Amino acid sequence: FTEVTQSQTPTGKPQVKSYDHMFRCVNYIMTKWAPAYNEYGLVGFPINAILDWSMGTTNGYAAFLNEEANKHWKKVLDQWGEFLKSDKSCYVLVDDQPWGWFSKDAMAKMPNFDKEFVCDPKAKHYGFTSWDHFFVRQFRDGVRPIAEGDNVIANACESHPYDIQHHVKLMDEFWIKEQKYSLLHMLADDPLTPQFDGGTIYQAFLSALSYHRWHSPVDGTIVKAYKIPGTYYSATLSVGPDEASPDKSQGYICQVAARALIFIQARNPAIGLICFMAVGMAEVSTCEIRSDLIPIEGKPKPTVKKGEEIGKFHFGGSTHCLIFQPGVNIKFDKSVLEARKEG
């Protein structure tokens, strides 16, 4: 905290300058504070706002990579998650306050909310029973059409393109300058990792305003599905100050953050084995894989249809990857590439 030179947090509040002050702020958030709507890049991330500038310091880089520190952050975030799943967190689901999630400004960012999502605008809090219930809201039937055909790979998440890289190496120095993808780090040295050596990675970002459920990109069989413990507030130093950290570190955090892996053997042999990776950013301490899709030894492996829900994020915006084997002739929609160029 002493390395931080900024006088205010990215949300315009006085900058936290000490370890004890951080604890007092986090304690208050854990017991009384649900994410309120605002116009800042860290909307939905009150703890992240406290730590943002610290994440970009030399000592912060070391601290937020510390394994023991991350074990304790997980306890903190899990406890806060209990509050966010309770009805006490509903106070931000209102339309008569500027910080309410159904306020005029918030609804301008989520147009056609009542037509797109399962809710009841006439009910208290639109029918949602907690902040988390609102956050993991579901689309109404027909809102998310899925293109037919085995040669079409569907988007796994409602998201903004972040990066597309080809010929990805098993091992690369992802912490040096560029945020290169290193498959052994990303997949935590899973035995299936060598099958993706030289393959393609597509990464995209979900904001706190996004829909946060995951859907299978293909028809296929779930080969493996499990979670990997990791960091929550680590960011790479190479990007410099980031007002919405770790947004600019998304390539880097794919290799260090808490995340979930779902390996799917596509029905189409031209696609083969793909890996969907859900990456928890900051407050997103829960990557929830649909429990019946986790293979059990001795039982037939689960199958999924393209567009079928396979899991979800809780509590905040996040990022995800689709990882393809080498030799898969992937062509990305031109509109996706244009969106990537525009940032």
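The questions and answers below go through helix packing, salt bridges and sheets in a predicted model.

Reader: At what angle do helix α1 and helix α4 pack, and how far apart are their axes?
Author: Two packed helices are described by the angle between their axes and the distance between the axes. Helix α1 covers residues 19-32 and helix α4 covers residues 67-84. For this pair the angle is about 30°, and the axes are 7 Å apart.

Reader: Which residues of α4 meet α1?
Author: On the α1 side, the residues are Met22, Val26, Ile29, Met30, Thr31 and Lys32. The contact of α1 with α4 divides into eight nonpolar residues, two polar and one charged. The partners in α4 are Trp73, Val76, Gln79, Trp80 and Phe83.

Reader: Why are α2 and α4 described as roughly antiparallel?
Author: Helix α2, residues 46-55, packs with α4 with the axes 12 Å apart. Angles over 145 degrees count as roughly antiparallel. The two helices are therefore roughly antiparallel to each other, the angle between them being about 150°.

Reader: What classes of residue make the contact of α2 with α4?
Author: From α2 come Pro46, Ile47 and Leu51, and from α4 come Trp73, Leu77 and Trp80. By class, there are no polar and no charged residues in this contact, and the nonpolar ones number six.

Reader: How many of the residues of α2 are buried, and which helices do they pack against?
Author: Among the buried residues of α2 are Asn48, Asp52 and Ser54, as well as Ala49, Ile50, Trp53 and Met55. The count is 10 of the 10 residues, so α2 is largely enclosed by the rest of the structure. The buried residues pack against α1, α3 (58-63) and α4.

Reader: How many salt bridges does the structure hold?
Author: Side chains of opposite charge can pair when their charged atoms come close. Some of the bridges share partners, and one network formed that way joins Asp150, Asp219 and Arg267. The number of salt bridges in the structure is 11.

Reader: Where does the salt bridge of Arg144 lead, and how many residues lie between the partners in sequence terms?
Author: Arg144 forms a salt bridge with Glu158, with the closest N and O atoms 2.4 Å apart. Arg144 and Glu158 are both in the loop between α7 (131-135) and β1 (160-165). The two partners are 14 residues apart.

Reader: Which partner in that bridge is buried and which is partly exposed?
Author: A residue counts as buried under 20% relative accessible area. Glu158, with 26%, is partly exposed. The buried partner, with 17%, is Arg144.

Reader: Which residues form salt bridges with Arg290?
Author: Arg290 is partly exposed, with a relative accessible area of 24%. Asp292 is partly exposed at 47%, and Glu308 is partly exposed at 24%. The N to O distance is 2.7 Å for the bridge with Asp292 and 2.9 Å for the bridge with Glu308. The partners are Asp292 and Glu308.

Reader: How many residues apart in sequence are the parts tied together by Glu308 and Arg290?
Author: Glu308 lies in the loop between β8 (303-304) and β9 (309-314). Arg290 lies in the loop between β7 (286-289) and β8, so the pair ties together parts of the chain whose separation in sequence is 18 residues.

Reader: Which strands stand at the edges of the sheet of three strands?
Author: The open sheet has the order β3-β9-β7, with antiparallel pairing. Its twist averages 20° from one strand to the next. Each edge strand has a single partner strand, so one side of each is left without a neighbour in the sheet; these strands are β3 (213-215) and β7.

Reader: Which residues of β7 are on the covered face and which on the uncovered one?
Author: In a regular strand the side chains alternate between the two faces of the sheet. Four bridges join β7 to β9, and Glu288 has Lys312 in β9 as its bridge partner. The covered face of β7 has Cys287 and Ile289, and the uncovered one has Thr286 and Glu288.

Reader: What is the order of the sheet of seven strands, and which residue stands opposite Ala278?
Author: The open sheet has the order β1-β2-β10-β6-β5-β4-β8, with antiparallel pairing. Its edge strands, β1 and β8, each pair on one side only. Strand β6 (residues 273-279) and strand β10 (residues 318-324) pair over six bridges. Opposite Ala278, in β10, stands His320.

Key: Residues are numbered from 1 along each chain as its sequence is written. This is a predicted model: local features need pLDDT of at least 70, side-chain atom pairs count only at pLDDT 80 or more; totals for chains, interfaces and linings use all residues. Side-chain values use heavy atoms; hydrogens and water are left out. Axes are lines fitted to C-alpha atoms, for helices over the stretch in contact, and angles run from 0 to 180 degrees between N-to-C directions. Contact means heavy atoms within 4.5 Å. Ala, Val, Leu, Ile, Met, Phe, Trp, Tyr, Cys and Pro count as nonpolar, Asp, Glu, Lys and Arg as charged, and the others, Gly among them, as polar. Angles under 35 degrees count as roughly parallel, over 145 as roughly antiparallel, 65 to 115 as roughly perpendicular and the rest as oblique. A salt bridge is a side-chain nitrogen of Lys or Arg within 4 Å of a carboxyl oxygen of Asp or Glu. Buried means under 20% relative accessible area, exposed over 50%, partly exposed in between (1.4 Å probe, protein chains only). Two strands pair if DSSP finds at least two bridges between them.
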